[in-house]
Amino acid sequence: GGGPGLQEPLQLGELDISSDEFILDEVDVHIQANLEDELVKEALKTGVDLRHYSKQVELELQQIEQKSIRDYIQESENIASLHNQITACDAVLERMEQMLGAFQSDLSSISSEIRTLQEQSGAMNIRLRNRQAVRGKLGELVDGLIVPSALITAILEAPVTEPRFLEQLQELDAKAAAVREQEARGTAACADVRGILDRLRVKAVTKIREFILQKIYSFRKPMTNYQIPQTALLKYRFFYQFLLGNERATAKEIRDEYVETLSKIYLSYYRSYLGRLMKVQYEEVAEKDDLMVCHGCDLIVFPDPDLSRFFSKPSLRSRNTIFTLGTRGSVISPTELEAPILVPHTAQRGEQRYPFEALFRSQHYALLDNSCREYLFICEFFVVSGSAAHDLFNAVMGRTLSMTLKHLESYLTDCYDAIAVFLCIHIVLRFRNIAAKRDVPALDRYWEQVLALLWPRFELILEMNVQSVRSTDPQRLGGLDTRPHYITRRYAEFSSALVSINQTIPNERTMQLLGQLQVEVENFVLRVAAEFSSRKEQLVFLINNYDMMLGVLMERAADDSKEVESFQQLLNARTQEFIEELLSPPFGGLVAFVKEAEALIERGQAERLRGEEARVTQLIRGFGSSWKSSVESLSQDVMRSFTNFRNGTSIIQGALTQLIQLYHRFHRVLSQPQLRALPARAELINIHHLMVELKKHKPNF
């Protein structure tokens with residue numbers, strides 16, 4: 001540097017004044033900025049010479065520079081030492097750099113080795129899984145093929161009834177199935193155990209065949225309850241399943257032997273039971289001529305002693321009632337329907353006798369119970385269902401069912417007891433429902449066959465009774481009176497019996513046949529009534545018969561049944577007509593006058609009543625003098641004419657009510673202006689007094 005007094009050249013820096021791009025505006029900006037500097041501002045305010053000030057500053061800078069140089073010279077040793085230290089550090093850092101480079105190289109090689117090891121580990125895992133899978137499959141195959149000694153010992157030595165024989169038999173069945181499956185896949189190892197398994201299978205089949213056949217043969221022993229060994233067989237039902245899977249010929253042999261044995265047992269049992277059962281039936285049963293009307297034959301004794309003149313046969317203790325239900329309907333009640341079956345020899349010892357429907361129920365309840373049991377046993381033991389179960393059941397029970405059908409058909413040929421046949425129909429309908437609830441469809445066809453025998457016979461017997469009534473000539477019935485006829489009583493008992501049974505399970509065909517019978521009986525009653533000479537006797541006969549039929553029907557049939565409604569209408573109509581007929585002799589003149597007078601008043605011809613004073617006077621005095629005796633005679637006549645006192649009472653009440661109404665109408669006629677001044681009106685009986693007096697004649701029972 002120069003001395004302090006030298007002027008330093010102006011440092012323009014990067015200012016290029018020759019440049020075309022120099023812009024004076026920018027110079028102005030710099031000048032303005034320098035002017036705003038605090039030092040510049042202070043210098044300008046004090047009026048300092050800038051040149052002198054510049055030289056002073058330069059001098060100060062030189063002094064500072066000289067001082068700095070002296071400081072560096074004083075610290076030169078320290079600087080040299082620092083240089084040496086920095087050089088040594090550079091050497092150390094260089095060596096560390098070399099070491100880190102080596103480490104980096106080593107780590108690169110290690111990473112490569114790790115990747116190699118990972119690949120090797122993955123491959124080893126795959127090989128391990130494959131070996132484990134092979135080991136599992138091979139283990140299953142070996143376990144399935146190995147025949148343990150416990151299995152061999154049990155099959156060869158253990159009795160078939162021991163639990164371990166059954167357990168090992170199931171194991172043998174599983175191994176045989178496994179070997180067959182592996183043989184189908186071509187596994188050569190199966191040949192090593194095939195011989196052992198075949199020998200064990202033959203031994204097991206032999207022991208099982210012998211055991212089951214012994215059980216089946218035990219059914220045949222006399223006085224043996226076959227159901228006990230049959231139930232015991234169910235514990236060994238796997239035996240048959242084993243035979244079915246391993247020796248079908250033996251399985252078929254056992255099934256055929258079972259079918260043959262049980263078929264004979266059931267046939268023998270039911271043939272014997274049916275024969276003994278029929279021996280306790282009533283000795284006297286309905287015959288061809290035992291119809292509603294018997295033409296030219298002796299008739300059954302009826303319980304009513306008043307009708308005994310119509311009958312000539314003696315009453316038999318064991319006689320079954322043909323037209324009366326009595327207690328016979330209890331056979332279809334829930335308690336009786338599934339009651340224990342009848343034991344014939346016990347009944348014979350007690351000299352008990354039963355109607356056919358009771359024997360039919362006992363026979364078919366035994367058949368139902370055994371058939372349901374047999375069907376369920378067949379399905380479970382022989383492993384069958386659907387049509388196969390039906391076929392096997394029919395093979396066992398077919399002969400028995402055919403025998404019972406033939407017996408029923410033979411019996412029905414000479415059966416004329418409609419109530420018995422109808423009860424049998426309802427027994428079958430209920431037993432069919434019970435079989436359905438037990439889920440045993442095997443008897444469905446049998447029930448249809450039984451009904452196909454019973455319905456036509458029932459309809460035939462009903463039609464025969466209808467025809468017997470239709471063809472009856474009242475003149476051939478002998479002496480007649482106005483009391484209920486035995487034929488109408490028979491009809492009432494018979495119809496009410498069938499209606500009450502039919503109400504439990506309604507059948508339209510039955511109602512149609514009963515409707516035909518009812519029409520014929522109504523016609524018959526009208527024909528018999530026509531045999532009486534007087535209308536009064538005819539009406540008494542009709543009322544007695546309608547009332548009797550209605551009373552019997554209402555005891556058993558519902559109040560809204562067609563039969564009850566029909567006879568109620570007939571009874572009401574004839575009762576009204578009889579009351580009019582009853583009042584006609586003593587009060588006929590009064591009735592005629594009231595009707596004529598009311599007709600004249602209605603037509604507006606009341607003036608014509610003025611000429612009837614004498615007639616009216618005679619009617620007033622005649623009624624006043626004779627009404628008491630006439631009412632007394634009327635009451636006695638009614639009570640003599642009607643067998644049902646309650647009905648007679650009702651008729652008397654009706655007649656007295658109608659008499660009061662008649663006299664009241666007579667009063668109203670006499671209140672007309674044309675007859676109001678009639679002196680005889682004072683002799684009229686007060687209507688309330690008449691009512692009080694008539695109540696005294698009302699009979700009480």
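Over which ring does the charged end of Arg 457 sit? I looked this up before anything else: the ring belongs to Tyr 416, and its centre is 4.9 Å from that charged end. A note to self before going on: this is a predicted model.

**Entry: aromatic pairs**

I asked for the ring pairs next, and the structure holds 33 of them. I picked out Phe 165 and Phe 239, which form an edge-to-face pair with 6.0 Å from centre to centre and 85 degrees between the planes. This pair links distant parts of the chain, since Phe 165 belongs to helix 6 (residues 163-184) and Phe 239 to helix 9 (residues 237-246), 74 residues apart. I checked the exposure of both partners too: Phe 165 is buried, and Phe 239 is buried as well.

My second pick was Phe 578 with Phe 642. Their ring centres are 5.2 Å apart and their planes stand at 90 degrees, so I noted this pair as edge-to-face. The cut-off behind that label is an angle of over 60 degrees between the planes. I found Phe 578 in helix 20 (residues 562-602) and Phe 642 in the loop between helix 21 (613-641) and helix 22 (645-670), so the pair ties together parts that lie 64 residues apart in sequence. Are these two rings buried or exposed? Phe 578 has 0% relative accessibility and therefore counts as buried. Phe 642 comes out at 2%, so Phe 642 is buried too. The cut-off I needed here is under 20% relative accessible area for buried.

I also wrote down a cluster. Ring pairs link Phe 219, Tyr 240, Tyr 258, Phe 377, Phe 381 and Phe 382.

**Entry: salt bridges**

A reminder for this page: side chains of opposite charge can pair when their charged atoms come close. How many salt bridges does the structure hold? The count is 24, and I followed up several of them.

I started with Glu 253 and Arg 209, whose side chains meet at 2.7 Å, N to O. Here too, distant parts of the chain are linked: Glu 253 sits in helix 10 (residues 248-278) and Arg 209 in helix 7, 44 residues apart. Glu 253 has 32% relative accessibility and so counts as partly exposed. Arg 209 is partly exposed as well, because its relative accessible area is 32%.

Then I turned to Arg 328, which forms a salt bridge with Glu 357; the closest N and O atoms are 2.8 Å apart. Arg 328 lies in the loop between helix 10 and helix 11 (334-337), while Glu 357 lies in helix 13 (residues 356-381), so the bridge ties together parts 29 residues apart in sequence. Both Arg 328 and Glu 357 are buried. I followed this bridge further and found a network of salt bridges that links Arg 328, Glu 357 and Asp 417.

The last bridge on my list joins Arg 621 and Glu 683, with 3.1 Å between the closest N and O atoms. Arg 621 is in helix 21 and Glu 683 is in the loop between helix 22 and helix 23 (687-695), which puts the partners 62 residues apart. Arg 621 counts as partly exposed because its relative accessibility is 46%. The value for Glu 683 is 39%, so Glu 683 is partly exposed too.

**Entry: back to helices 7 and 9**

I returned to helix 7 (residues 190-218) for Ser 218. What lies 2.4 Å from a polar atom of the Ser 218 side chain? I found the backbone oxygen of Lys 215 there. Ser 218 has a relative accessibility of 16% and therefore counts as buried.

In helix 9 I looked up Gly 245. Its C-alpha is 8.2 Å from that of Asp 173, although the two residues are 72 apart in sequence. At 46% relative accessibility, I put Gly 245 down as partly exposed.

**Entry: a nonpolar patch**

I closed the day on the surface. Leu 39, Val 48, Tyr 53, Val 57, Leu 61 and Ile 64 make a nonpolar patch of about 550 Å². Which helix gives the most to the patch? Helix 3 (residues 50-74) does, with 4 residues. I looked up Leu 39 separately and found this residue in helix 2 (residues 38-46). Leu 39 has 59% relative accessibility, so I noted it as exposed.

Conventions: Residues numbered from 1 in each chain as written. Predicted model: local features only at pLDDT ≥ 70, side-chain atom pairs only at ≥ 80, totals over all residues. Heavy atoms only, no water. Patch = residues over 30% accessible without salt bridge, like charges linked within 9 Å, V, L, I, M, F, W, Y side chains within 5 Å. Areas by Shrake-Rupley, 256 points an atom, 1.4 Å probe, with all protein chains shown as cover. Salt bridge = Lys/Arg side-chain N within 4 Å of Asp/Glu carboxyl O. Helix = DSSP H or I, 4+ residues; strand = E, 2+ residues; numbered from the N terminus. Buried < 20%, exposed > 50% of the residue type's maximum accessible area, 1.4 Å probe, protein only. Phe/Tyr/Trp six-rings, centres within 6.5 Å; stacked < 30°, edge-to-face > 60°. Lys NZ or Arg CZ within 6 Å of the ring centre and 35° of its normal. Polar contact = N/O pair within 3.5 Å; in protein donor to acceptor, adjacent residues only side chain to side chain.
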